[in-house]
Amino acid sequence: MWAMVFADYARLFDNDDIARSYTHREWWVKCCRRFGIHPSYRIFFEDFHIETRREVATFITQVVLDACKFPVVDKEKTEMIDAFSIRNVSIEEESYISGEGRITMSRMLAIDSNLLKLLTDHPFRLIAFPTFQLPMTVPPRPWCDGGLGGPEYTRESLIMRNLAEYKQVDINRQMKKRLKSPIQARPVFDALNQLGSTPWRINGPMLDILCQVFKLLFIVRDVFWLFIVLLKYFLSPLIHQSF
């Protein structure tokens with residue numbers, strides 16, 4: 001269903017007559033209504049309270065921690081240990097009101113060192129990147145009236161980023177409270193849709209250079225470890241003789 005909606009929506013970028021007659025928002029609404037889908041569709045349970053979402057996330061994380069184990073052989077004894085653990089990570093972020101920045105603490109899943117060693121000894125043939133970091137094959141879903149819609153589906157899309165320095169102020173909620181009608185901010189949302197749908201292409205020569213650098217990193221790593229092994233091999237007799 002969504003494939004047909006986006007295929008219809010993509011005509012806006014290929015058909016000059018449609019582009020002159022409709023904005024991104026207007027054409028998106030028309031395409032969704034043609035297939036019986038709400039233009040601002042959101043997944044179920046998205047509007048859970050923050051405490052409820054935190055409890056659900058904690059439960060799912062604990063399920064992953066309890067379920068993911070792998071064998072480790074130590075002196076002819078095989079032991080099943082946890083593949084993941086919880087670790088506190090400090091993240092430095094840019095501050096909009098201070099030049100020094102800020103540091104926030106986040107709880108993240110950490111991979112066991114033994115499992116990392118296995119992954120190093122048996123690397124993946126292919127590298128998978130998170131899908132939200134990959135170029136999109138279709139234009140993003142546009143913003144609709146009242147700031148609804150937007151490119152994300154798994155959570156409510158926020159037009160403006162809330163500042164950590166003012167945690168007590170929800171900028172997006174304040175924006176929606178100040179809208180006297182859903183259509184009041186249409187020029188702003190239409191401008192964001194236009195900016196977010198600007199086409200771009202990959203710089204081919206630069207991509208080739210980056211790919212070469214990426215391959216050289218693995219070569220340098222292998223040469224480095226070979227140097228360490230040879231260094232230990234030649235220095236070991238000298239160390240024993242000195243003692």
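## Meeting the chain through its side chains

With a relative accessibility of 64%, Arg20 counts as exposed (exposed means over 50% relative accessible area, buried under 20%, and partly exposed in between, with a 1.4 Å probe and protein chains only). This is a predicted model, so local features need a pLDDT of at least 70 and side-chain atom pairs count only at pLDDT 80 or more, while totals for chains, interfaces and linings use all residues. Residues are numbered from 1 along each chain as its sequence is written, and side-chain values use heavy atoms, leaving out hydrogens and water.

**Overall layout**

- The chain has 9 helices and 4 strands; these are DSSP runs numbered from the N terminus, with helices being H or I of at least four residues and strands E of at least two.
- Starting at the N terminus, you will meet the elements in the order α-α-α-α-α-β-β-β-β-α-α-α-α.
- The chain has 243 residues, and 19% of them count as buried.
- About 19,700 Å² of the chain is accessible surface, with 62% of that belonging to carbon and sulfur atoms (areas come from the Shrake-Rupley method with a 1.4 Å probe, and for residues only the protein chains shown count as cover).
- Of the contacts (heavy atoms within 4.5 Å) between residues at least 6 apart in sequence, 47% join residues at least 24 apart.

**How confident is the prediction?**

- The average pLDDT of the chain is 79, and 79% of the residues score at least 70; pLDDT is the predictor's confidence in each residue, from 0 to 100.
- Helix α4 (residues 24-34) has the highest mean pLDDT among the elements, 93, whereas α9 has the lowest, 73.
- Where pLDDT is low, the predicted coordinates should not be read in detail.

**The nonpolar core**

- The largest nonpolar core holds 11 residues, including Val5, Phe6, Tyr9, Trp27, Trp28 and Cys144; such a core is a set of buried Ala, Val, Leu, Ile, Met, Phe, Trp, Tyr and Cys residues joined through side-chain atoms within 4.5 Å.
- Helices α1 (2-9) and α4 each supply at least two residues of this core, and α4 gives the largest share, with 4 residues.
- Beyond its neighbours within four places in sequence, Trp27 touches Asp8, Tyr9, Arg11, Leu12, Ile18, Tyr22 and Arg34.

**Salt bridges**

- A salt bridge is a side-chain nitrogen of Lys or Arg within 4 Å of a carboxyl oxygen of Asp or Glu, and the count here is 7.
- Arg20 pairs with Asp17 at 2.6 Å, N to O; both sit in helix α3 (residues 16-21), 3 residues apart, or about one turn of the helix.
- Arg25 and Asp190 meet in a salt bridge at 3.0 Å, N to O, a link between distant parts of the chain, since Arg25 is in helix α4 and Asp190, 165 residues apart from it, is in helix α8 (residues 186-196). Both Arg25 and Asp190 are buried.
- Lys117 bridges to Asp121, with 3.1 Å between the closest N and O atoms, and the two lie 4 residues apart in helix α6 (residues 113-121), about one turn of the helix.
- Lys117 is exposed at 53% relative accessible area, while Asp121, at 44%, is partly exposed.
- Asp8, Arg11 and Arg34 are joined into one network by salt bridges that share partners.

**A nonpolar patch on the surface**

- Met206, Ile209, Leu210, Val213, Phe214, Leu217 and Phe218 form a nonpolar surface patch, together offering about 650 Å² of accessible area.
- Patch residues have over 30% relative accessible area and no salt bridge, with like charges joined within 9 Å and nonpolar side chains (Val, Leu, Ile, Met, Phe, Trp, Tyr) within 5 Å.
- Phe218 belongs to helix α9 (residues 204-242) and counts as partly exposed at 37% relative accessibility.
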